[in-house]
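I opened this notebook to keep a record of what I looked up, one topic at a time. The entries go from the whole chain down to single residues.

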Amino acid sequence: MTPSGGPPPEPGWQRLGVSQEDWQHWPWQMRERVRDARALARFVEPTDDEVAAIERLADRFHFVITPYYASLMDPEDPDCPIRRQVVPRTAEQDDPVGVADPLDEVAHSPVKNVIRVYPDRIAFCVNNECALYCRYCLRKRMVGDEEWTMKKRELEVALDWIRETAEIRDVLLTGGDPLVFSDDRLGWLLAELRTIPHVEIIRLGTRLPVTLPFRVTDDLCRLLADHHPIWVNTHFNHPRELTPEAAHACDRLTRAGIPVGNQSVLLAGINDDAVTMKQLCEGLVKLRVRPYYCYQAQLLEGTAHFRVPIERGVDVFRELRGRTSGFAIPQYVLDTPYGKVPLSHPYLRGREGDDIVVEAFDGRLWREHNPL
Ligand code: SF4
């Protein structure tokens, strides 16, 4: 059985008639990516709306999917949660409020592709490429766009800025996806960062354990382990993504001593219900991946059909509280230009004289004697 309860699908390489060796070779997956409706039809029959959206939106935001991720789509279900994440729909043209850069990241960049919102840490967008492009991507404005490519000289300028900014103790390598880099390029970047004494922690934000798990090779894990402390945050959104291949990639990372966390996005019709979210979070914990954040979908152009009212999100995580392990519940947050804001049900009800009144998971109130 799959995590979502269906029968195990035929492996993608068998369905496509390619060798298992090619299928598991990550450069093959990158080379053979789905880029048009005809290639998509090898996995699922595109709807008229999808064909129209692929044609109309191609120049607005890239349409690219790895064969591995495409093979997870349910051919019988046009609303399959895998498919909805990566195949365009014309609904993307219908978003009156979404903007290109809702977190004002460009204004927070002291040098190209370095985003500083907090004093001690930065997001360093080292790469503008991903293995595939998620339709709700926060960095739609830059991923896959030539203008945001980081040439080696530009990476060096950013490294110099980090070297000169002694407050920076935590560097998140993101993008795009830093694991799309070759081992050589990534190794060079990590080695440079490790020459900077005040950089204590290096984090990598990558979706490749989900979208191209074969990228997590033994060589890559050795390279990362050579530059500890390294942390990885990945991005699973739905229990169908918790495949044996993804589990193997996460296992390799954790065996290399790398703590792996998960950052998901709350997406309408994909994971915005407590049953799906519980399956996802409990499945992650079984892989030793810590559910870390779940983001409210941003006011990002072309994504109105993915957004969920915040009250609904609060209810989803309130339903999980007390009904699964505490560490299986991610913090539901709204990212803003001023930083992340936790969104949670108000369990702390307030003070009554010398008592604090709190609400338990099942709604019962408790008065804790707690004089000022
Ligand atoms: S993998 Fe991450 S950066 Fe790349 S398109 Fe998806 S959400 Fe955006």
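The entries below follow the order in which I looked things up.

**Entry 1: overall form**

I note at the outset that I am working with a predicted model. I looked up the secondary structure and found 14 helices and 12 strands. For the extent of the C-alpha trace I wrote down about 70 × 50 × 45 Å along the principal axes. I then compared the radius of gyration with what a compact globule of 372 residues would have: the expectation is near 21 Å and the protein has 21 Å, so the two agree. On burial, I recorded that 38% of the 372 residues count as buried. I also looked at how far apart in sequence the contacting residues are, and among contacts with a separation of 6 or more, 77% are between residues 24 or more positions apart.

**Entry 2: domains**

The division I have is into domain 1 (12-93), domain 2 (106-342) and domain 3 (346-372). For one pair I took down the distance between centres, computed over C-alpha atoms, and for domain 2 and domain 3 this is 36 Å.

**Entry 3: the ligand shell**

Which residues surround the ligand? My list reads Cys130, Tyr133, Cys134, Cys137, Arg139, Val143, Gly175, Gly176, Asp177, Arg207 and His235. Sorting this shell by residue class, I get five nonpolar, three polar and three charged residues.

**Entry 4: cis peptide bonds**

Two members of the ligand shell, Gly175 and Gly176, came up again when I went through the omega angles, since the peptide bond from Gly175 to Gly176 is cis, with omega near 15 degrees. I placed Gly176 in the loop between β3 (170-174) and α9 (183-194). I found another cis peptide bond between His228 and Pro229, where omega is about 0 degrees. Pro229 also sits in a loop, the one between α11 (218-225) and β5 (230-234).

**Entry 5: positive phi outside glycine**

I next searched for residues other than glycine with a positive phi, and noted Asn113, with phi near 70 degrees, and Arg288, with phi near 65 degrees. Asn113 belongs to the loop between α7 (81-86) and β1 (114-115), while Arg288 is in the loop between α13 (274-286) and β7 (289-296). Are these residues buried or exposed? Asn113 has 25 other C-beta atoms within 10 Å and is therefore buried, as 20 or more are needed for that class. Arg288 has 14 C-beta neighbours inside 10 Å, so I entered it as partly exposed.

**Entry 6: helix α14**

I took helix α14 (residues 310-320) separately and listed its buried residues as Gly313, Val316, Phe317 and Leu320. Seen down the axis of α14, these buried residues fall within an arc of 85 degrees, so they line one face of the helix. On the face turned away from that buried side I found the exposed residues Glu311 and Arg312. What do the buried residues of α14 pack against? I recorded β6 (260-266), α13, β7 and β8 (331-336) as their partners. Just after α14 comes Gly322, for which I noted a positive phi of about 85 degrees.

**Entry 7: two single residues**

I looked up Ile168 first and located it in the loop between α8 (152-164) and β3. Ile168 counts as buried because it has 22 C-beta neighbours inside 10 Å. Leaving out residues up to four places away in sequence, I found Ile168 touching Asp120, Arg121, Ile122, Ile162, His198 and Val199. For one of these, His198, I also took the C-alpha distance: His198 is 30 residues from Ile168 along the chain, and the separation is 6.6 Å.

I then turned to Ala247, which is found in helix α12 (residues 244-255). With 18 C-beta neighbours inside 10 Å, Ala247 counts as partly exposed, because the buried class starts at 20. Apart from neighbours within four places in sequence, Ala247 is in contact with Leu242 and Leu287. I also recorded the C-alpha distance from Ala247 to Pro330, 83 residues away along the chain, as 19 Å.

Notes: Residues are numbered from 1 along each chain as its sequence is written. This is a predicted model: local features need pLDDT of at least 70, side-chain atom pairs count only at pLDDT 80 or more; totals for chains, interfaces and linings use all residues. Domain bounds come from an automatic or database domain assignment. Helices (H or I, at least four residues) and strands (E, at least two) are DSSP runs, numbered from the N terminus. A residue is buried if 20 or more other C-beta atoms lie within 10 Å of its own, exposed if 12 or fewer, and partly exposed in between; C-beta atoms are placed from the backbone. A residue is near a molecule or strand if its C-beta atom, placed from the backbone, lies within 6 Å of it. Ala, Val, Leu, Ile, Met, Phe, Trp, Tyr, Cys and Pro count as nonpolar, Asp, Glu, Lys and Arg as charged, and the others, Gly among them, as polar. The arc is that of the directions from the helix axis to the C-beta atoms. Two residues are in contact if their C-beta atoms, placed from the backbone, lie within 7 Å. The radius of gyration is taken over C-alpha atoms; the globule rule is 2.2 Å times the number of residues to the power 0.38.
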